[in-house]
Amino acid sequence: MHEQAVGHTPGLNAKRLRAAIIGAGPVGLSMALHLQRLGAGVDVTVFDALPDPGTALADPRVLALSEGSRQLLVAAGAWPDAAATAITRIHVSQAAPGLASLPRVWLNAQDAGLPALGYTLRYGELLAALQAAALRAGIEVQYGQAVQALPTEGGVLLRRGSTEDDGAQARTQSPQAASAAPAYELAILAEGGAFHTQTPRALRYDYHQTALVGRVRCDRPHAGLAIERFTSDGPVALLPRGADYALVWCVPPAQADVLRDTDKTAQIAALQALLPAACGRVVELAIAGSYPLGLNAQWRTRLGRIVQLGNAAQTLHPVAGQGLNLGLRDAATLGQLLGWTLAQSSHPDHDLDALLLRYDRARLPDRAALVGLTDLLARGFTWKAPGSAAIRAGCLASLAMLPPLRRLLQDRMVFGWRL
């Protein structure tokens, strides 16, 4: 199939950069807003395969965003304050036999001098705020456009079509043929998808867990409390959402099938058996959906002048809720580096390759630390070797008894890992 080129035909302008963003989700629109704030130095166009901006607004997924992410979104004019529920305390423990279940770690926003450690809101609520901010900023979003980015010697060429045949044709197209008319100097891929739909990357691991998501009501008001409970089958998280909790319950796929088919009383009893006393008794439970869990990441986030952000670069286990926060920091860092280059250079296009190398290096500590940490938490608490529960209990106890270490970990989970 012949692929039709997308985008405007460029005319050489050394003082402006033309950037294409593929994916109009939270990370893509956040990136567009960062670029728009750079002013006359950059032209940005966003492409999305969805037919219209309203398609994804009904998405019921509940997101966990850190205080650091809130600050980034406030700066972009896209924080839906009225829709957010604050997380002010986090209780971390493990469900284990005997004394191994006793250690618990409390993280508290007040100890860190923050208004909250994080917030929950529905995916559609965040997306609506970002779409409104993009509209106010005059950002062009082209919906119904499934496009591919092809690296060329002078930039990036976008082509319509997302079928496997089209992709193969684009990959075999010679760079010399494509470089005749590159449409953009920079393409940013922010359309990551879910683990089970992605092409395998260098770091890939199937956790053989399914996340059951839904809503939980307990007999005790949450008052901003979040629960992270590690079990031998996978973590269970309760995140304050309105008057209730949002549930993320990670179990083996076969157990997920059984739980979905069992009656409500049995579901509540199974969940209650895993939870600590801190959240009280479960009185209502509604399981709304499920999805498979895995790690799919790569160290290099760019190919020529094509850069991958968020789930397009790293898809993580949801433990500790770090995936979207990492993507928002990706976007903010790239925006900052582009702003510096535009301010310092009279020929920013000439310096773009060096800038992208700096970006890759700047983001590596944060990305590597969270890929490693979430993988360790997802796998380490499911190890069933003799003595493993006691070792985990010792680690939790050490964290609870060492405030400086606890504050360091808390800071890194809120604002990211940096050298």
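**Exercise 1.** For the protein chain of this predicted model, state what share of the contacts with a separation of 6 or more comes from residues 24 or more positions apart.

*Solution.* Take the contacts in the protein chain with a separation of 6 or more; residues 24 or more positions apart make up 76% of them. The chain in question has 12 helices and 20 strands.

**Exercise 2.** Determine what percentage of the residues count as buried and how much accessible surface the protein chain has.

*Solution.* Buried means under 20% relative accessible area. By that cut-off, 50% of the 419 residues are buried. The accessible surface is about 18,500 Å², and carbon and sulfur atoms hold 58% of that area.

**Exercise 3.** Give the strand order of the open sheet formed by eight strands, and explain why E7 and E20 each have one side without a neighbour.

*Solution.* Step one: the order is E7-E6-E14-E15-E16-E13-E17-E20, with mixed pairing. Step two: E7 (104–108) and E20 (314–315) are at the edges with a single partner strand each, so one side of each lacks a neighbour in the sheet. Step three: E20 runs antiparallel to E17 (residues 282–297), and two bridges join them. Ala297 has Gln314 in E20 as its bridge partner.

**Exercise 4.** Identify which strands helix H7 and helix H10 touch or lie across, and give the angle of each helix to E13.

*Solution.* Helix H7 (residues 253–261) packs on the sheet and touches E13 (203–218), E16 (244–251) and E17. The direction of H7 makes about 25° with that of E13. Helix H10 (residues 352–380) lies across E13, E14 (225–231), E17 and E20. H10 runs at about 70° to E13.

Technical notes. Residues numbered from 1 in each chain as written. Predicted model: local features only at pLDDT ≥ 70, side-chain atom pairs only at ≥ 80, totals over all residues. Heavy atoms only, no water. Pairing = 2+ DSSP bridges. Helix = DSSP H or I, 4+ residues; strand = E, 2+ residues; numbered from the N terminus. Contact = heavy atoms within 4.5 Å. Axes fitted to C-alpha atoms, helices over the stretch in contact; angles between N-to-C directions. Buried < 20%, exposed > 50% of the residue type's maximum accessible area, 1.4 Å probe, protein only. Areas by Shrake-Rupley, 256 points an atom, 1.4 Å probe, with all protein chains shown as cover.
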